[in-house]
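Got your viewer open? Let's take a walk through this model, one selection at a time.

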Amino acid sequence: MALASWSTVAPRFLPQRLPRVCLAVSGDSIENILGTAESMARDNPFIEFRLDYLKQPLAALSKLHRFLETHQYVTAIATCRRAESGGKFKGSLAAQLEVLSKAHGAGCQLVDLELQSALKSKPEAIARLRSRAGLILSFHDFRGTRNLDDTLEKMLEIPADFYKVVSTATTLADNVAMMKFLQAQSGGHALIGLCMGEQGVISRVLSVRAGSVFTFGAASAELKTAPGQITTLDLRSIYRVDQVDTATRVYGVAGDPIGHSLSPVIMNTALRRENVNGVYLPLHAKTLKDLIHCVREIPLHGLSITMPYKQAILPYLDNTDAHTAKIGACNTVVRGQEGKLYGFNTDIAGVLRPLEQRLAIEKAKVLVLGAGGAARAAVFGLKERGAEVWILNRTSAKAQKLARQAKARTIKRADLRKIGFDVIINATPVGMGNAGDCPLKDAEIQARVVFDMVYDPVETHLLQVSRAKGIAVIPGVEMFVQQAARQFEIWTGKPAPAGDMLRAVTIALQERAAGLKQSKV
Ligand code: NAP
């Protein structure tokens with residue numbers, strides 16, 4: 001669409017034409033801003049230019065003009081948010097209006113003006129601005145999600161083309177409030193709505209199906225212009241926001257913290273690969289009550305449960321499979337059609353599937369290090385399949401208790417070399433995080449197969465030593481993939497694309513390790 005024709009399009013036609021994702025671009029110089037825009041415009045032709053990040057926005061407009069002249073397919077929003085409304089522009093209200101008006105002259109079809117500025121401006125000044133550019137009247141609540149309807153009512157007193165209501169999610173339920181607001185109000189007005197903050201991810205992805213004309217994405221993790229913003233690349237390739245519709249099933253991983261979970265990468269890869277109309281989101285649940293509210297209201301069709309809720313979720317479930325009951329921990333929830341919640345434990349599949357690809361589990365002699373949740377899944381699963389199991393744990397009383405429950409044995413560290421183990425499984429966190437720690441001394445590592453549940457780093461010290469000794473190794477990513485694959489099968493009834501899932505998680509771990517290395521340089 002050519003630049004000139006956009007400016008002549010009646011603003012009321014704009015919502016249907018706008019892409020679902022607007023790339024928010026910031027930078028400390030116009031060269032940086034335009035450099036980012038240049039490199040991303042082809043894939044993201046709808047761009048918000050955050051002029052308030054510049055020391056002298058007016059002086060930058062000639063360069064912006066040149067950019068927009070040579071990139072006529074770009075639809076541009078100019079934003080120059082004042083500091084008192086949460087932006088970076090320290091100039092006067094008149095200066096802000098001048099920047100926005102001249103930004104339109106430079107080719108921006110839309111301008112964003114905060115409600116606070118609009119309330120202080122003369123109606124004629126706003127009308128003048130709107131006679132030239134499409135006006136987005138915006139309101140940002142940086143503290144919570146409150147009084148959305150009242151806020152909109154106040155905003156509607158000022159004629160605008162779009163009303164943008166952005167709040168902060170401090171609970172998952174705030175997303176529900178935002179989406180209900182959008183559903184109720186978007187029939188009558190062109191709305192843009194979402195929640196900021198790590199807990200607002202649900203709304204950043206799902207608000208478009210609730211009635212928001214579009215959502216915002218960052219250029220990169222470093223260039224976020226709002227808390228909790230997702231990159232446009234992730235919005236499109238991981239969360240497939242362009243395809244989300246009313247039939248899209250919503251899944252998620254719930255825990256506290258959740259920011260570093262790789263489950264969204266692996267599960268969205270599987271959903272895409274198998275053509276399932278579904279999206280899988282990270283859910284930062286500070287309480288289970290909050291999570292359960294969302295499960296019912298959004299609704300969520302399936303949940304992965306992670307730390308610290310694997311045990312605490314049990315009282316909320318209507319029924320569980322035999323593994324969950326035995327282990328006393330649930331990592332998978334299915335919401336039935338009638339709204340009932342069913343619990344499963346797929347960590348057992350995560351342990352057994354990689355092992356049975358290497359050896360016969362029946363009668364195998366297995367040493368399990370640890371007696372926590374993951375060890376319990378391994379011990380019960382292996383016993384069920386006829387393996388002989390020994391448990392070694394830092395706190396021996398816990399090992400003894402598990403051994404009694406699962407009819408396994410405990411072993412003292414000094415006796416390790418008396419038994420020729422077929423398999424050693426590390427179910428402790430020792431070795432996590434590139435520290436080079438190892439749960440056993442080199443001489444104690446004697447087995448046909450060594451399985452390290454730790455998956456970050458992919459190649460732990462334990463696996464390095466084992467490999468050097470010619471022992472077959474199972475890295476923790478395989479367990480991570482197989483427990484996720486089983487979840488996928490439970491939710492969708494389809495076989496999981498385990499190979500693609502493994503590739504996706506391996507790449508994500510490599511990227512994370514490279515990022516860590518870079519940040520240390
Ligand atoms: P958990 O319930 O907290 O249990 C941790 C176990 O490790 C306990 O038995 C604890 O011993 C022991 N431990 C902790 N720190 C230790 C140390 N410094 N030295 C020796 N023993 C130590 O944790 P979990 O959920 O079972 O998870 C254990 C590990 O498995 C974690 O690294 C987790 O990331 C990994 N995991 C991986 C997957 C996967 O898909 N690959 C799935 C689940 C878990 P005490 O009883 O003495 O405290």
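Start by selecting G476 and the ligand: a backbone N or O atom of G476 lies 3.0 Å from a nitrogen atom of the ligand. Keep in mind as you look around that this is a predicted model.

Next, click on A374. One of its polar backbone atoms is 2.8 Å from an oxygen atom of the ligand. Then try K398, where an N or O atom of the side chain is 3.0 Å from a ligand oxygen. How much of the ligand does the protein bury? Taken alone, the ligand exposes 920 Å², and the protein buries 74% of that.

Now show the ligand's whole neighbourhood. You should get 20 residues around the ligand, with A371, A374, N393, T395 and M453 as the closest. Colour helix 16 (373-384) and helix 19 (476-492), the elements that each give two or more residues to this shell. Which one gives the largest share? That's helix 19, with three residues. Colour the shell by class and you'll find 11 nonpolar, seven polar and two charged residues. Switch on a surface, too: the ligand sits in the largest pocket.

Last stop: the cavity. The structure holds one cavity of 30 Å³ or more, and its volume is about 30 Å³. To find it, select F139, D141, G144, R146, L148, T151, V165, V166 and S167, which line it. Helix 8 (148-155) and strand 6 (162-168) each supply at least two lining residues, and strand 6 has the largest share, with three. By class, the lining has four nonpolar, three polar and two charged residues.

Conventions:
Residues numbered from 1 in each chain as written. Predicted model: local features only at pLDDT ≥ 70, side-chain atom pairs only at ≥ 80, totals over all residues. Heavy atoms only, no water. 1 Å grid on protein atoms, 1.4 Å probe; cavity = no way out; pocket = protein on both sides within 12 Å on 5 of 7 lines; lining within 4 Å. Points joined across faces, edges and corners; volume = space filled by probe spheres on them. Helix = DSSP H or I, 4+ residues; strand = E, 2+ residues; numbered from the N terminus. Nonpolar A, V, L, I, M, F, W, Y, C, P; charged D, E, K, R; others polar. Near = heavy atom within 4 Å. Polar contact = N/O pair within 3.5 Å; in protein donor to acceptor, adjacent residues only side chain to side chain. Areas by Shrake-Rupley, 256 points an atom, 1.4 Å probe, with all protein chains shown as cover. Sits in = over half its atoms within 2 Å of the grid points.
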